Amino acid sequence: MEEKKRLLLIDGNSVAFRAFFALHQSLERFVNHDGLHTNAIYGFKTMLDNIIENVEPTHILVAFDAGKKTFRNTKYSDYKGGRAKTPTELSEQFPYVKKMLEAYGMKHYELKNYEADDIIGTLAYQGETQGFETTIVTGDRDLTQLATKKTTVAVTQKGVTEVENYTPEHVKEKYGLTPAQIIDMKGLVGDSSDNYPGVAKVGEKTAVKLIKQFESIEGIYENIDALKKSKMKEHLVEDKEKAFMCKDLARIRCDIPLKVTLDDIEWTGIDEKALVDFFHEMDFKRFLEKMKMDDEPSQKVIQNINFDVLSQEKLDQIDFSGNKEISFYLEMLGENYHTAPLVGFVLNIGAKYYVARDTKLLKHLKLRKLLEDENIAVDVFDGKRTFVGLDRLGIHLTAVRFDLLLVSYLLDTSDNSNDLGKLAQLHNYTQVLEDEQVYGKGSKLKIPENDTEYYGHLCNKARTIKKLRNSMMKKLSDNHQEELYYNIERPLSIVLAEMEIDGITVDTRRLEEMGSEFKERISEIKETIYQEAGEKFNLNSPKQLGVILFEKMKLPVIKKTKTGYSTAVSVLEKLRGMAPIIDNILKYRQIAKIQSTYVEGLLKVTFKKDSKVHTRYTQTLTSTGRLSSVDPNLQNIPIRLAEGKKIRQAFIPQEKEWQIFSSDYSQIELRVLAHISRDANMRAAFSEGQDIHANTAMNIFELDSPTEVTSNMRRQAKAVNFGIVYGISDYGLAQNIGITRKQAKEFIEKYFQVFPGVKEYMERIVSSAREKGYVETLFKRRRYLPDISSRNYNIRSFAERTAMNTPIQGSAADIIKVAMINMQKMLKEKKLKAKMLLQVHDELIFEAPNEEITVLEKFVPKVMDAAVSLDIPLKVESSYGKTWFDAK
DNA sequence: TGGTTCACG
DNA sequence: ACGTACGTGAACCAA
């Protein structure tokens, strides 16, 4: 995708004048410690910040007038004659305006004999031919003559921050003329501030009428004889020479000899330090504070809430009936809500806040009823967490209405903090602290003993939930994301909670067996490596390993990292055969990984009481809409290599005679791509049930029949397909399948040639992302991509690939989420014993009694298939066995 | 705490 | 010429 270049040209004198007079009434308030007036500087600065934010320029130049006399004076000696002298309060500020521009990293320029306008005109013209989008900022309407399709003239309004944008359309609206005709108008009307006369008695109205009729001054005089006899005609004839001269004076030059080029004025960003120094010099304390504030937010002032501390006795007396909505927050000390101590709760009903440390009180019938009644709407922060926490008390949270955490994530998947205080801030609500500020972190994590502090914080949380509900639900509806919330994410949070509570059984004896076997092999390999290296060292340290390989053994350095030599697999593979140690290191790494992460790691998190692992799915983390899994991560259990795959033998059903059943979507992301890109070729391949990678191979290698596809071709084609989904680059593809960049580039070109619909999609989604600032999935999940207009190539390219990938990966995530909700519903309706236990992005894993297997084989694919109706069929494959390993 | 490596889709 | 594949989590080292 081509880089977008945005040129910003500022009429320095004109903006400074505007700024000076806009703040003229408070002139004496803007004086620094040296007695320098600073109002124009201040105004100029405000304008700059504003325009930078709006335009995001890649190139900037601020043009100034060089002096009083210009070439226009040789044409007309009275040009700009009789002007009042620039007030010294203003002229003394010019050197500082320029100094400020330098701190901003912006070039400024002036040229003897020419006005700022001519510099701007010339650069704007050059920008036009080089594909820039140009914005011109000025206080002078005459510059609107420069407006074109790609050049906008922003004329400052009363203040300096407000501008009126003149596009050719807007010029037409405003004057009824094209930008080029502005000078014809000036020629007829003249300009009192520049002190040139035009044609006597002709004002704007008459001028516009004439130009509309005859197109230009030239046109008027060519047809002057046809005009009816009138006073106006007489004046026209009389002032003909003046008209032409004034037009020439008004015409901004676009071809003057400049010593700067567009390349010279690329903007490299603000010099923070210089700017801070400059603000100190100017006594701009507010700006300094603001710059500091960006680093460390100031302490907030939080209003107190009156609360009642609940007890068994009090509860007996309180009457909660008649309430239809509550805000509720259950506090647990620690992230893992399966195990974290339940340390308190807060309940908001109407204007009342109730708190307690003793969560057993929640079992009191009056409180239980509030949480379990399907007619009482419960507003919460993190419904899944709350559901699991309450489940531990034997309470079944039933009617979650507003889930602040979930809604915040849906509004913008980048807002993936899970702290209530942080998220509240993002939504402009500041009356609550972050948990870390109240509870501390790490080893210091604890609930305050002080009741006022602790209960106050709990109440603030409940109040935050209540206060933010309306505005956030409004935003959700503005984004058309209600369905996503009500039909997908909110019900899913409960489905996930149930899966997490169920957990999956781990055969710890099997794991331990494997562990001791791996241990032995690890120490054997270790010994061999030490012998080959000639010394003992820490094999787990890439740094020490690097020294051995690249310094002691003098192996060639393939790749470097920030901190030293890279010893990653891709590097070691290239060194294979050069020394036997390499193979051993690779083997060591492989086994050590399995041992530490999967054998030992898994044993550590297996619950003693039920011999199960209870993962937590993070529903509000990924920027694409996928789930992730922690504590333990059950979405990255080994499968690709035989050794690691054995780990799956340790995942077993909870009953002896049960089975592990698994169904997965086949190539769901490519199918989603075929659907959203509507590429005919790709859709046909799927509709006909072809092997998509082989089909791609046939296409890009120009084969006539599937029999000609070799396994290597298919492998390469598969990599191309993956690359496409990731937002392809020749470099990445080359890296992945070990071909040259040139070859990779040819593959990609060929691919786009045979799948033109895909190419169009890629272009469309990137330009739409640039226009809207975000991309969406099939179910309107939204990801903002502010970097899509970055001036940094790497950052921008990354955003572009993200724009291509997110709708694909995210829509696939949407689809399986729908399937999970329907699946859980079906299991309940059919009263099956089978449990849905895991989700691994495109696959669902169940445990079930033998006799239910045939039911699952029939219905799971059916439900998954029916989750969404695309232009092309989805495909689901199932399998089962005694362990997860055998369900393949 | 950040960097590196490696497990998965 | 630029220098990357998209999305994750956990273990480990080094500071």
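Colleague: So buried means under 20% relative accessible area. Which is Phe755, then, buried or exposed?

Modeller: Phe755 counts as buried, because its relative accessibility is 1%. Keep in mind that we're looking at a predicted model.

Colleague: And Tyr751, buried or exposed?

Modeller: Tyr751 is buried too, with a relative accessible area of 0%.

Colleague: OK, rings in general now. How many aromatic pairs does a search of the whole structure find?

Modeller: The search turns up 25 aromatic pairs. One of them joins Phe701 and Phe747, with 5.4 Å centre to centre and 85 degrees between the planes, so that pair is edge-to-face.

Colleague: Which parts does that pair tie together?

Modeller: Phe701 sits in the loop between α30 (692-700) and α31, while Phe747 belongs to helix α33 (residues 741-754), so the pair connects parts 46 residues apart in sequence. Phe701 is partly exposed, at 22% relative accessibility, and Phe747 is buried, at 13% relative accessible area.

Colleague: What about Tyr751 and Phe755, how do their rings sit?

Modeller: They make a tilted pair, with centres 4.6 Å apart and 40 degrees between the planes.

Colleague: Which residues do ring pairs link into a cluster?

Modeller: Phe30, Tyr42, Phe278, Phe279 and Phe284 are linked that way.

Colleague: Switching to DNA. How many residues surround strand C?

Modeller: DNA strand C has 37 residues around it, and the closest are Ser541, Ser628, Tyr731, Arg741 and Arg801. Of the strand C atoms that come within 4 Å of the protein, 63% are sugar and phosphate.

Colleague: What does the Ser541 side chain reach?

Modeller: An N or O atom in the side chain of Ser541 is 2.5 Å from a phosphate oxygen of DNA strand C. For Asn633, a polar side-chain atom lies 2.8 Å from a sugar or linking oxygen of that strand. Ser729 goes for a base: one of its polar side-chain atoms is 3.1 Å from a base nitrogen of DNA strand C.

Colleague: Which element gives the most to the surface near strand C?

Modeller: That's α35, with seven residues. Elements that each supply at least two residues there include α26 (580-605), β18 (628-630) and α35 (793-829). By class, the surface near DNA strand C has 20 polar, nine nonpolar and eight charged residues.

Colleague: And how many residues surround strand B?

Modeller: There are 23 around DNA strand B, with Thr567, Arg589, Ile639, Arg640 and Asp842 as the closest. Sugar and phosphate make up 76% of the strand B atoms that come within 4 Å of the protein. Here α26 gives the most to the surface, with three residues.

Colleague: Which backbone atoms come up against its phosphates?

Modeller: Among them is an N or O atom of Ile639, 2.7 Å from a phosphate oxygen of DNA strand B. A polar backbone atom of Val569 is 2.8 Å from a phosphate oxygen of the strand, and for Thr563 the distance is 3.2 Å.

Colleague: Last one: what does UniProt list for residues 644-852?

Modeller: An unreviewed UniProt entry lists them as "domain: DNA-directed DNA polymerase family A palm". In the model that span is 58% helix and 13% strand, and its end C-alpha atoms lie 30 Å apart.

How values were computed
Residues are numbered from 1 along each chain as its sequence is written. Chains are lettered from A and ligands numbered from 1 in the order in which they are written. This is a predicted model: local features need pLDDT of at least 70, side-chain atom pairs count only at pLDDT 80 or more; totals for chains, interfaces and linings use all residues. Side-chain values use heavy atoms; hydrogens and water are left out. A residue is near a molecule or strand if one of its heavy atoms lies within 4 Å of it. A polar contact is a pair of N or O atoms within 3.5 Å; within protein, one must be able to donate a hydrogen and the other to accept it, and residues adjacent in sequence count only if both atoms are side-chain atoms. Helices (H or I, at least four residues) and strands (E, at least two) are DSSP runs, numbered from the N terminus. Ala, Val, Leu, Ile, Met, Phe, Trp, Tyr, Cys and Pro count as nonpolar, Asp, Glu, Lys and Arg as charged, and the others, Gly among them, as polar. UniProt positions are given in the numbering used here, feature names are shortened, and annotations may be inferred rather than shown by experiment. Rings of Phe, Tyr and Trp (its six-membered ring) pair if their centres lie within 6.5 Å; planes under 30 degrees apart count as stacked, over 60 as edge-to-face and the rest as tilted. Buried means under 20% relative accessible area, exposed over 50%, partly exposed in between (1.4 Å probe, protein chains only).
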